[in-house]
Amino acid sequence: MFKLKSSFSPTGDQPQAIEKLVNGIKKGLKNQVLLGVTGSGKTFTMANIIAKTNLPTLIISHNKTLAGQLYQEFRDFFPENAVSYFVSYYDYYQPEAYIPATDTYIEKEAQINELIDKLRLQTTTNILTRNDVIVVASVSCIYNIGSPIEYGKFILELEVGQQVYEKEIFKRLAELQYERSEFDFKRGTFRLRGERIDIYPAYEDIGYRIILANGKIANIEQFEPLTGKLLKKYDQKKLIIYPAKHFMTDPNIFANVEKKIREDLKTESEELKKQGKIAEAERLIRRVNYDLEMIKEVGYVNGIENYSRYFDGRKPGDPPYSLLDYFQEAYGDNWLLFIDESHMTVPQLRGMYNGDFSRKKTLVEFGFRLKAAFDNRPLKFDEFYKIPKKIIYVSATPDDFEINLSKPDGIAEQLIRPTGIVDPEIIVRSAKNEVQDLILEIEKRVKNKEKILVTTLTKKMAEDLSSFLKEKNIRANYLHSDIETLERSDILDNLRKGEYDVLIGVNLLREGLDLPEVTLVAILDADKEGFLRSKTSLIQTMGRAARNINSQVILYADVVTGSMKEAIDEINRRRKYQLEYNQKHHITPKTIYKPIREKIIEKEEKFLVFDREFDYFEIEKIKPESLTPYDKKKIIKKLKTEMKYQAENLNFELAIKIRDKIRELMNN
């Protein structure tokens, strides 16, 4: 059962919205809309719907920053239930690609964030083992992650009193993609210590100790992986270990799979030869043979997802298995999907397939991949739309698509803010001296310890304006999509903590950011019609100022565009609605200050390998033969940081030297 913990109850027009949407779910409506203004408590309404329907829930957000914020809020609302976080685990990702014009092959390169990977694995494990599950995900949840049936089959069951052989346990853990590591005990590894086996599941923060005696499991203990300290007694007799990776290959079916892959390889390589593409055919044969040997030996190869269709038993063109299939496998049709900020998220879901197909098409045509790679892809929108049977689109500005699907009975409006805060006053000013005027407005608010958001049209403008304000002794920072996922949340928290007063961004400042300290939102170049200055974008951006009773929005423009007029009229309509409600219920608006939540993941401290002034000789001192495996791994990590730093500062010769040393350490 879901247990909602909150110090407040639904108020304003939240109760009618909750009741209407819950009734819609009970009636079997597939599509509903929650049209809620910024600050009306849409997240709290969603939480109440989950608690009242008691349905496992997937919430999709269109970017990682908002997904992280939602994850923290739902974790607070449901502390006793399984709230999970499922976003792309890449801090850096360069997809495999080929550029024919320059004959450039770009190998897939990725830096995986191990903690986010843990949260993803925790998500799928929770879905397959519990009913009280809430998953907050980014749009990466529609990508191929392998079959939930295969993932669910690959388990290691251990029970107190069970007759076991160490080698059998080791073999099974290896099949689950766990690595044996005596020195560097981390998630996804196991080790042998005398008469005990330590296992660190890839999806948990604790380790399990299997104590053996006379060929049997005598006891199972939980311990802290870093210190080895025993935790509370493991009070269950049985332990189930789930896989360390989502893509699993069953050795029992490998012979049939290999046969089919080799048949396709022969067909496709001959097809390339008929087209006169001899080099491409040879390249394809080499690549596939190498991959098959790796899968046969270790059960895994980089790029294994491109062969997933064979292992999953899918036909060419069949949709891939995504996180939604895990929900279907575990709960049938009896689960709920919220699409948060649907006016942004739905178009993203629509557009992801085409870009992926275009890149894969080139790889296949030039012999880098079999055609099966096409089936390692995100879902097409119609494939996605077929799966969930209960969808609620959540937005302050839902598009016609969601509205039309939900008519006539599935639209719930939530226009009242329980705090009584009215939509901000809107001022239009000339763009001729916008920066000078903005500085005056910033200085007024800084005196009162208030915060300011500024939106620009480009990343470059955001960075330049940030630098300019700093020169004027204004504490400013910028936020845009090039900044790493976890760092974005830190920047927002630091604004609230008072480390700076002005935050400048492009479109990341629009939806869902909860910053009650902000009293001014300034929109530069508001009259430049387009995606970033459409009616929807303007309303969303103005909404960032709707958390504080002293808020204002300044639009810098030389003409009032159609989008500006529509946005201003809609905000004024909402202002009137809230003012009438406040008067009727004798409400005096108050700013609600929310606590700054703990970080989802602590950012690693930046460290330097050497002083910045050092020469080649310092690197030459590092000798592989004098290092333990643990120390070697630690130094490689530090050297990689130093290599990036030197490359960013155009010290390419030194960066190359460091790269060569890294390779030497890795190969010895």
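This dialogue discusses how to read two sheets and a helix pair in a predicted model.

Student: What should be known about the model beforehand?
Tutor: The model is predicted: local features need pLDDT of at least 70, side-chain atom pairs count only at pLDDT 80 or more, and totals for chains, interfaces and linings use all residues. Residues are numbered from 1 along each chain as its sequence is written, and side-chain values use heavy atoms, without hydrogens and water.

Student: Which order do the strands of the six-stranded open sheet have?
Tutor: Strands (E, at least two residues) and helices (H or I, at least four) are DSSP runs numbered from the N terminus. Two strands pair if DSSP finds at least two bridges between them. Here the order is E19-E24-E23-E20-E22-E21, with parallel pairing. E19 (425-429) and E21 (476-479) each have a single partner strand, so one side of each lacks a neighbour in the sheet. Five bridges link E19 with E24 (residues 552-556), and Arg429 stands opposite Tyr556 in E24.

Student: At what angle do the axes of H14 and H15 cross?
Tutor: Axes are lines fitted to C-alpha atoms, for helices over the stretch in contact, and angles run from 0 to 180 degrees between N-to-C directions. The axes of H14 (residues 434-447) and H15 (residues 459-471) come within 12 Å and cross at roughly 55°.

Student: Which residues make the contact?
Tutor: Contact means heavy atoms within 4.5 Å. H14 contributes Val435, Leu438, Ile439 and Ile442, and H15 contributes Leu465, Phe468 and Leu469.

Student: How is the five-stranded open sheet paired?
Tutor: The pairing is mixed, in the order E10-E11-E12-E13-E14. Within this sheet, E12 (residues 196-200) and E13 (residues 207-213) run antiparallel, joined by four bridges.
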